[in-house]
Amino acid sequence: MLRSRRRLLSAGAASLMVLGVAACGGTTKDSADNSGPAAAQSAAADPNAKLKEGLKIAFLPKQLNNPYTDVEVGGGKVAAGELKGEYKLVGPNDASASSQVSYINTLIQQQQDVIGIAANDPNAVCPSLNQARQAGIKIVAFDSDASKDCRDVFINQASTQGIGESLVKMASELAGGSGEIAILSATPNATNQNAWIEVMKTELAKPENAKLKLVKTAYGNDDDQKSFQEAQGLLQSYPNLKVIVSPTTVGIAAASRYVSSSNYKGKVAITGLGLPNQMREYVKDGTVKKFALWNPADIGYLAAYAGAALASGQITGKEGEKFKAGKLGEYTVGAAGEIVLGPPTEFTAENIDKFNF
Ligand code: RAM
């Protein structure tokens, strides 16, 4: 049976762990240590292993009240159905560093087979994720990575390098190659946004971008109201600002809403990563000329298939292993357990009506 291999933790040990982690709070991007060795893989992969049916596949996104999350886990639900598995969705309402820990603990007690997690902090979730792994649960990080030491694979929506480059390219085009730009990010701890911002800074340091000046990185915490206020604050503090780049669907929508009904409309450009359905009105009213994203549903879908491949022994998370992800076709595990979904799409007034998510 599926569960017989599990060494289940006592509820007491698990809750002690929760207390410990909650007390330490989160990590900042500088203290996140992803450099350690990947956890030992227990058995060799068997690419011909049959996919197990009845797998319990749980999704723990960054936060529930985010339209991006709905699309993302929607794809996971479809895949779990195709896999004849049991889909479950749990998660916090805010994306703060330790908000996911208690949910992981509950998922361990429920003996899930797979936990898909978009980590709010790479390290705060680690002790509980490792407890889950000791209990035989496969961990698929998706969208925002956990430390490499506490997950089996990471489904990256596009290459980190590619996303960072495209954010700077769009900002540069909108600024006409020179002037002040600002970033409106999600939470200060988010693994994904911090990785993209690192690449952006490297790109901005290149000679071709010497005339672009990053004046500030603000954090809207993936909260609509806070993002709205931060956008307003940026525009008030930096009167010469030409572009706000928001690498979060919550931030870009809030900033666009603010600018579209202010005097800044037509003067300050907004770009970044957005959902076409949330951004359509701002593209149509001329506030936003271009932005980018991938299809979030495909991330959830791929995460469920990767989880099933892990739980069935087809893959272990080692570089070079291959597995099939239903309608998306075959994927190969890359270095450090990373599986890249594909390139992002750029949206403009010309193509936005072709997309419905
Ligand atoms: C927000 C979240 C998510 C990110 C997207 C682009 O919805 O921060 O993690 O991938 O934006």
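This report describes the surroundings of the ligand in a predicted model.

The ligand occupies a space that is the largest cavity, and a shell of 14 residues lies around the ligand, among which K62, D143, Q193, D222 and T249 come nearest. By type, the residues of this shell divide into five nonpolar, six polar and three charged.

As for where the shell comes from, domain 1 (31-158 + 295-344) and domain 2 (160-293) each supply at least three of its residues. Among the elements of the chain, helix 6 (residues 191-204) gives the largest share of the shell, which is three residues.

Some side chains place a polar atom, N or O, at a short listed distance from an oxygen atom of the ligand, as the table sets out.

| Side chain | Partner in the ligand | Distance |
|---|---|---|
| K62 | oxygen atom | 2.9 Å |
| Y68 | oxygen atom | 3.2 Å |
| T249 | oxygen atom | 2.6 Å |

Beyond these separate contacts, the cover as a whole can be given as a share: on its own the ligand has 290 Å² of accessible area, and the protein covers 99% of this area. Two of the residues in the table, K62 and T249, also belong to the group that comes nearest to the ligand.

Terms used. Residues are numbered from 1 along each chain as its sequence is written. This is a predicted model: local features need pLDDT of at least 70, side-chain atom pairs count only at pLDDT 80 or more; totals for chains, interfaces and linings use all residues. Side-chain values use heavy atoms; hydrogens and water are left out. A residue is near a molecule or strand if one of its heavy atoms lies within 4 Å of it. A polar contact is a pair of N or O atoms within 3.5 Å; within protein, one must be able to donate a hydrogen and the other to accept it, and residues adjacent in sequence count only if both atoms are side-chain atoms. Accessible areas come from the Shrake-Rupley method with a 1.4 Å probe; for residues, only the protein chains shown count as cover. On a 1 Å grid over the protein atoms alone, a cavity is a set of points where a 1.4 Å probe fits but cannot get out, and a pocket is an open set with protein on both sides within 12 Å along at least five of seven lines; lining residues have an atom within 4 Å of a point. A molecule sits in a cavity or pocket if more than half of its atoms lie within 2 Å of its grid points. Helices (H or I, at least four residues) and strands (E, at least two) are DSSP runs, numbered from the N terminus. Ala, Val, Leu, Ile, Met, Phe, Trp, Tyr, Cys and Pro count as nonpolar, Asp, Glu, Lys and Arg as charged, and the others, Gly among them, as polar. Domain bounds come from an automatic or database domain assignment.
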